[in-house]
Amino acid sequence: MGVSGKRIVLGVTGGVAAYKAAVLVRELQRAGAQVQVVMTEAGTRFVGTATFQALTGEPVFVDQWDPRIANGMAHIELSRAADAI
């Protein structure tokens, strides 16, 4: 199954693998996927949100109750819109 045209939510946590997540975002996008990044606070200590926002062109979410989502429940709305997490 290819990822072209798919909406993927990529979770990035606090670990050295966070650096590889930026490469993964690029590869998923090259394959035609739309990527939305969500991060833990610890993850932002390895790679800043600005990096992922620049790569994806999408806002990066670090709060499950993010007020940018109309109902304030990003943790639910982002999963509903995703083909894969």
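A residue is called buried under 20% relative accessible area, exposed over 50%, and partly exposed in between (1.4 Å probe, protein chains only). The structure is a predicted model, in which local features need pLDDT of at least 70, side-chain atom pairs count only at pLDDT 80 or more, and totals for chains, interfaces and linings use all residues. Residues are numbered from 1 along each chain as its sequence is written, and side-chain values use heavy atoms, with hydrogens and water left out.

Helices (H or I, at least four residues) and strands (E, at least two) are DSSP runs, numbered from the N terminus. Strand E1 (7-12), helix H1 (18-30) and strand E2 (residues 34-39) make a right-handed β-α-β unit. A crossover is right-handed if the path from the first strand over the helix to the second runs clockwise, with the strands pointing away from the viewer. Two strands are taken to pair if DSSP finds at least two bridges between them; E1 and E2 pair in the parallel sense, over six bridges. Within this pairing, Val 35 in E2 is the bridge partner of Ile 8.

Two glutamines of strand E2 were examined. Gln 36 lies in E2 and is classed as buried because its relative accessible area is 13%. Its side chain reaches the backbone oxygen of Pro 59 at 2.5 Å. This is a polar contact, that is, a pair of N or O atoms within 3.5 Å; within protein, one must be able to donate a hydrogen and the other to accept it, and residues adjacent in sequence count only if both atoms are side-chain atoms. Gln 34 also lies in E2, but with a relative accessible area of 37% Gln 34 is partly exposed. The C-alpha atoms of Gln 34 and Ile 85 are separated by 12 Å, the two residues being 51 apart along the chain.

Polar contacts also involve Thr 56, which is found in helix H2 (residues 49-56). Thr 56 has a relative accessible area of 12% and is therefore buried. The side chain of Thr 56 reaches the backbone oxygen of Phe 52 at 2.9 Å. A polar atom of the same side chain lies 3.0 Å from the backbone nitrogen of Glu 58.

A salt bridge is defined as a side-chain nitrogen of Lys or Arg within 4 Å of a carboxyl oxygen of Asp or Glu, and the count by this rule comes to three. In helix H1, Arg 30 and Glu 27 are three residues apart, so about one helical turn separates them; their side chains meet in a salt bridge with an N to O distance of 2.7 Å. Arg 30 is exposed at 63%, whereas Glu 27 is partly exposed at 41%. In helix H3 (residues 74-81), Glu 77 and Arg 80 are likewise three residues apart, or about one helical turn, and their salt bridge has an N to O distance of 2.9 Å. Glu 77 is partly exposed at 26% and Arg 80 is exposed at 63%. Glu 41 and Arg 45 form a salt bridge at 3.4 Å, N to O, and both are exposed.

Val 16, Tyr 19 and Phe 46 form a nonpolar patch on the surface, with about 310 Å² of accessible area together. Patches are made of residues with over 30% relative accessible area and no salt bridge, like charges being joined within 9 Å and nonpolar side chains (Val, Leu, Ile, Met, Phe, Trp, Tyr) within 5 Å. Accessible areas come from the Shrake-Rupley method with a 1.4 Å probe, and for residues only the protein chains shown count as cover. Val 16 is found in the loop between E1 and H1 and is exposed, with a relative accessible area of 62%.
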